[in-house]
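Please follow the charged side chains of this protein with me, taking the sequence and the 3D view together. We will look at where such side chains pair with one another and where they gather on the surface.

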Amino acid sequence: MVIHNTCSSLADTLSYRRQRLANLIDFPAILWSGSSSPRNFPANVFPFRSSSHFLYFAGLPLPNAAIRLESSKLELFMEDPKPSSALWHGEMPKRDEIAQKIGADAARPMSELEFWVEDAATIAVQDAATWTQQSQLLNRWVLPQNPLQGIDLELAKAIISLRLVHDEGALAELRKAAAVTVAAHKAGMATTPKAKLEAEVRAAMEGVIIANNMTTSYNSIVTVYGEVLHNDQYHHPLQSNDLVLADVGAETEMGWAADVTRTWPVAGKFSPTQKDIYNVVLAAHDACIAKIRPGVEYSDIHLLAATVIAEGLVDLSILQGNAEDLVEMDAHALFFPHGIGHLLGLDVHDMEDLGDLAGYEEDRQRSDRFGLSYLRLNRPLRSGMLVTIEPGFYQVPAILNDTNLRSKYQNVVNWERLSEFADVRGIRIEDDVLVTASGSEVLTAALPNDLDTIENLTNS
C-alpha cells in the first residue's frame with residue numbers, strides 16, 4: 001500500500017521513517033554516507049553521491065557522515081567544516097544546523113563514533129575508504145561483495161520492507177525527477193535533426209537536467225547502436241536511416257531517480273521496417289502496464305511482454321510457431337534478452353547493492369534460463385511500488401551469430417526475413433510506473449510514445 005504519512009517537512013518525513021524502522025528491529029544501526037573518491041589527485045574528486053540507505057533516513061547528501069538509529073532516535077556523526085575550507089567552498093553549515101534540519105536527537109563529531117558502535121548493524125558502502133572504516137570500527141569485515149549475515153541481514157531486510165513501498169515524501173521527489181526527465185527527452189528529440197553526433201543529443205538532454213539543478217541518475221545511453229544495452233559511447237555520427245535510442249533519467253538533489261527510454265528516427269520518420277518493430281515493442285509496453293495492479297506477479301508481467309513480442313515477430317514472419325511455445329523455449333530472448341524492468345527509487349536499480357535480496361521475494365532464486373536469467377525483480381506487486389516497464393527488440397551480433405543459439409533456434413527463426421530489418425539495431429520504450437491501490441499510474445506519461453507524436457516531436 002502507498003504510505004500516506006502527513007509529514008509536512010523533511011524532519012517529519014525522516015522521523016516517520018525511523019519510527020517504522022524501530023518497529024522492525026530491536027538493535028542499533030549505523031549507516032555511513034560514504035566519501036568522495038579522487039580522480040587523479042586528492043583535491044580533484046568524482047562527484048559525491050551518498051549511500052542510498054543513509055539518504056533514506058538522513059535526507060541530505062552529507063559526505064563523510066554517519067547516523068546511528070536506535071528506538072526511533074537518530075544521532076548524527078560528522079565533523080564541522082574546517083575554517084580554512086571557507087576559502088575554497090564558502091561558508092558551510094555546521095553540524096548542529098544540519099542536525100536541526102533533519103530532526104536529529106543528537107549531533108557529535110565523527111571522531112566519537114567509535115564509542116557508539118557496540119552491537120550495531122550496518123550495510124556496506126561501496127567506496128573502499130568507507131567500508132574499510134566500517135570494518136575497523138565494527139571489528140568485523142564489512143564488504144560490499146560479501147553476503148549479509150546476522151543483524152546486518154536483519155537490518156537489510158527491514159530497510160527493504162520500508163523502501164519497497166514509497167511514502168509521500170519519496171513520491172514527491174520521484175515526480176520531480178520524472179517531470180525533468182520528460183523535458184530532457186523532448187529536448188533530445190527536438191535537437192536531433194540539427195545534430196551531427198550522438199554527443200549533441202546527449203548534451204541537449206543532460207542540459208535540461210543540469211538546468212534544473214539535478215544530475216543524471218545513471219550514465220546516459222544516447223546511441224544509434226541501440227543493441228548495446230548499456231552503451232556509454234557518444235562519438236558516432238547520426239545517419240538519416242538511424243534510430244536514436246536514449247535511456248536518460250534525472251536524479252533530484254535529494255537522490256531520487258527517474259529512468260526513461262525512448263527511441264526515435266534521426267530523419268524524423270520511421271522506415272516501414274522500423275515502424276513494424278516499434279509497434280511490436282509498444283504493444284508489449286502497453287499490455288504490461290495495463291496488467292499492473294497489486295498482487296500481480298512481476299515475473300508474469302515479464303512473460304506477458306515476451307509473449308506479445310513473440311506474437312508480433314510471428315506476425316512479421318521473423319519467428320515461426322506458436323508464441324507461447326516460442327517463449328517456453330526462450331526464442332524471444334534472441335531479441336529481448338533482458339528483464340522487463342526493475343524497482344526504482346533512490347537507486348535507478350533500487351537496492352541492487354543488496355544483490356537479489358530486494359528484487360526477489362524470500363526463497364526465490366534467479367533462473368538460469370536464457371529468457372529469465374536477467375529478470376531483476378521477482379515479487380508480487382504492492383501498492384506504492386515504483387517499477388520500470390521497458391520491453392525492447394535488439395539485434396545483438398554476439399547473440400544472433402552464436403553458433404549454439406543459431407543451431408538451437410534454426411527451425412523457428414526466418415533468418416532471410418530477419419535480414420530485411422537490418423535498419424533496426426535496437427528499440428526500447430521505458431516508463432516509470434507506480435502501482436496504486438486499483439491499478440497503476442505512469443509517472444512519465446507526459447512523454448508520448450506513439451509513432452506519430454514521436455515523429456512530430458523530432459521534426460519540431
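**Charged side chains, paired and unpaired**

The model shown here is predicted, and a convenient place to begin is D315, a residue that lies in helix α10. D315 counts as exposed because its relative accessibility is 66%, above the 50% that this label requires. Together with E311, E324, D325 and E328, D315 forms a negative patch on the surface. Two elements, α10 (298-315) and α11 (323-328), each give two or more residues to this patch, and the largest share, 3 residues, is that of α11.

From this patch we can turn to charges that do find a partner. Across the whole structure, a search finds 24 salt bridges, and a few of them are worth following one at a time.

In one of these, the side chain of E362 meets that of K157, with a distance of 3.4 Å from N to O. E362 sits in the loop between α12 (356-359) and β12 (386-389), whereas K157 belongs to helix α6 (residues 150-163), so this pair ties together parts that are 205 residues apart in sequence. The two partners can also be described by their accessibility: E362 counts as exposed at 57%, while K157, at 38%, counts as partly exposed.

Helix α6 also takes part in another salt bridge, since R163 lies in that helix and its partner D350 lies in the loop between α11 and α12, so that parts 187 residues apart in sequence are tied together. The closest N and O atoms of D350 and R163 are 2.8 Å apart. Where are these two residues, buried or exposed? D350 is buried, with a relative accessible area of 4%, and R163 is buried as well, with a value of 3%; the label applies because both residues fall under 20%.

A further salt bridge joins D356 and R366, whose closest N and O atoms are 2.7 Å apart. Here D356 lies in helix α12 and R366 in the loop between α12 and β12, so the parts that this pair ties together are 10 residues apart in sequence. D356 counts as partly exposed at 29% relative accessibility, and R366 is likewise partly exposed, with a relative accessible area of 35%.

Finally, salt bridges need not be read only as separate pairs, for those that share partners join R68, E70, E75 and R108 into one network.

Definitions and conventions. Residues are numbered from 1 along each chain as its sequence is written. This is a predicted model: local features need pLDDT of at least 70, side-chain atom pairs count only at pLDDT 80 or more; totals for chains, interfaces and linings use all residues. Side-chain values use heavy atoms; hydrogens and water are left out. Patches are made of residues with over 30% relative accessible area and no salt bridge: like charges are joined within 9 Å, nonpolar side chains (Val, Leu, Ile, Met, Phe, Trp, Tyr) within 5 Å. Accessible areas come from the Shrake-Rupley method with a 1.4 Å probe; for residues, only the protein chains shown count as cover. A salt bridge is a side-chain nitrogen of Lys or Arg within 4 Å of a carboxyl oxygen of Asp or Glu. Lys and Arg count as positive and Asp and Glu as negative; His and the chain ends are not counted. The place of a charge is taken as NZ of Lys, CZ of Arg, CG of Asp or CD of Glu. Helices (H or I, at least four residues) and strands (E, at least two) are DSSP runs, numbered from the N terminus. Buried means under 20% relative accessible area, exposed over 50%, partly exposed in between (1.4 Å probe, protein chains only).
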